[in-house]
Amino acid sequence: RAIELDLRRALALKEFELVYQPQVDLSTQAVVGFEALLRWRNARRGLISPAEFIPIAEDTGLIVSIGEWVLRTACREAASWSHPAEVAVNLSPIQFRDHKLVQTVISALAHSGLEPGRLELEITESALMDETDTVVATLKTLRGLGVRISMDDFGTGYSSLSYLQKFPFDKIKIDQSFVRGMGDNAEAGAIVRAVARLGTSLGMKTTAEGVETQEQLDAIRAEGCSHVQGYLTGRPMSGADAAALLASRG
Ligand code: G
Ligand code: G
Ligand code: MN
Ligand code: NA
């Protein structure tokens with residue numbers, strides 16, 4: 001496929017960039033971190049969403065080298081911030097099949113000088129679906145480095161709860177679909193509340209994702225989520241803007 005050929009050249013042509021979306025601590029209202037989100041800017045194709053090219057990168061195995069670039073870049077940019085905010089990086093399930101994943105993380109931390117506690121790795125439960133024991137062992141090794149581990153898109157898969165029992169995640173990210181549903185149906189609100197409580201009981205932070213309105217923010221605060229990430233509290237922005245936002249806090 002033509003897009004696959006373009007994707008193969010994208011790293012060498014420096015066509016990738018990261019944008020950063022603020023993560024706000026609801027107890028202080030402060031921006032305490034950013035999620036790094038990958039963007040591909042191709043001369044002919046324009047700006048391509050990761051939803052479009054990540055699946056191709058996964059099918060072709062290109063995700064391993066792209067993911068390495070994401071880790072290195074996110075760590076380097078975060079290390080340059082004037083405040084010790086966290087940076088969250090999404091990991092594809094395919095990256096867990098790479099035996100060098102732990103070494104890649106160690107190397108990204110070492111080269112950037114980023115304190116391990118400031119790096120958060122987001123994984124979806126699909127990463128845990130196959131070879132659960134191996135993936136859990138890798139997560140424990142990563143945690144041993146001091147890195148934090150989040151479960152992303154929580155509630156959208158089939159067996160999220162069983163994975164919470166297999167690995168002590170630092171944070172649960174409640175999928176946007178539940179936040180979006182809160183206005184219209186009582187069930188979505190009840191689920192957000194239950195997950196927030198589950199997180200509290202398990203000693204895990206809970207981030208509500210995709211919060212776009214003040215009403216949603218008030219609701220997720222009332223339900224007991226510890227963090228929020230969404231267009232209301234900050235759109236994804238350039239690394240320079242993220243650095244400026246932190247610096248403006250003085
Ligand atoms: O930023 P946006 O909402 O368009 O992202 C769409 C999807 O792409 C989300 O599911 C997000 O987790 C995923 N994504 C964004 N950046 C990365 C990345 O660096 N690596 C991986 N594996 N997925 C990413
Ligand atoms: O799968 P993951 O949670 O990593 O995906 C995050 C994606 O959600 C990013 O692509 C980001 O652009 C998008 N996103 C972040 N906040 C909002 C929001 O408030 N509304 C919508 N519709 N999308 C959001
Ligand atoms: Mn994510
Ligand atoms: Na998510």
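Ile220, once its neighbours within four places in sequence are set aside, is in contact with six residues in this predicted model, namely Val179, Val192, Ala208, Val211, Cys225 and Val228. Two of the residues just named, Ile220 and Val192, recur among those with the most contacts inside the largest nonpolar core, a group that also takes in Ala36, Ala74, Val89 and Ile174. That core has 61 residues, and the element that gives the most to it is helix H3, running over residues 63-79, with seven residues. In soluble globular proteins, nonpolar side chains tend to be buried together.

From the core one can step back to the protein as a whole, which has 11 helices and 10 strands. Its C-alpha trace spans about 50 × 45 × 35 Å along the principal axes, and its radius of gyration of 18 Å agrees with the value near 18 Å that a compact globule of 250 residues would have. Of those 250 residues, 38% count as buried. Among the contacts with a separation of 6 or more, residues that stand 24 or more positions apart account for 65%.

Two ligands come next, and the residues around them can be taken in turn. Ligand 1 is surrounded by Leu37, Leu38, Ser49, Pro50, Ala51, Ile54, Val70, Asn90 and Ser92. Strand E2, covering residues 31-42, and helix H2, covering residues 50-60, each supply at least two residues of this shell, and H2 gives the most to it, with three residues. Sorted by class, the shell around ligand 1 holds six nonpolar residues and three polar ones, with no charged residues.

Around ligand 2 there are 13 residues, of which Asp153, Gly210, Glu212, Gly230 and Tyr231 come nearest. The classes in this second shell are four nonpolar, five polar and four charged residues, so charged residues are present around ligand 2, whereas the shell around ligand 1 has none.

A last stop is Arg143, which is found in helix H6, made up of residues 132-144. Arg143 has 17 other C-beta atoms within 10 Å and is therefore partly exposed, because a residue counts as buried at 20 or more such atoms and as exposed at 12 or fewer. Along the chain Arg143 and Pro116 are 27 residues apart, while their C-alpha atoms are separated by 9.3 Å.

Conventions
Residues are numbered from 1 along each chain as its sequence is written. Chains are lettered from A and ligands numbered from 1 in the order in which they are written. This is a predicted model: local features need pLDDT of at least 70, side-chain atom pairs count only at pLDDT 80 or more; totals for chains, interfaces and linings use all residues. A residue is near a molecule or strand if its C-beta atom, placed from the backbone, lies within 6 Å of it. Helices (H or I, at least four residues) and strands (E, at least two) are DSSP runs, numbered from the N terminus. The radius of gyration is taken over C-alpha atoms; the globule rule is 2.2 Å times the number of residues to the power 0.38. Two residues are in contact if their C-beta atoms, placed from the backbone, lie within 7 Å. A nonpolar core is a set of buried Ala, Val, Leu, Ile, Met, Phe, Trp, Tyr and Cys residues joined through C-beta atoms within 7 Å.
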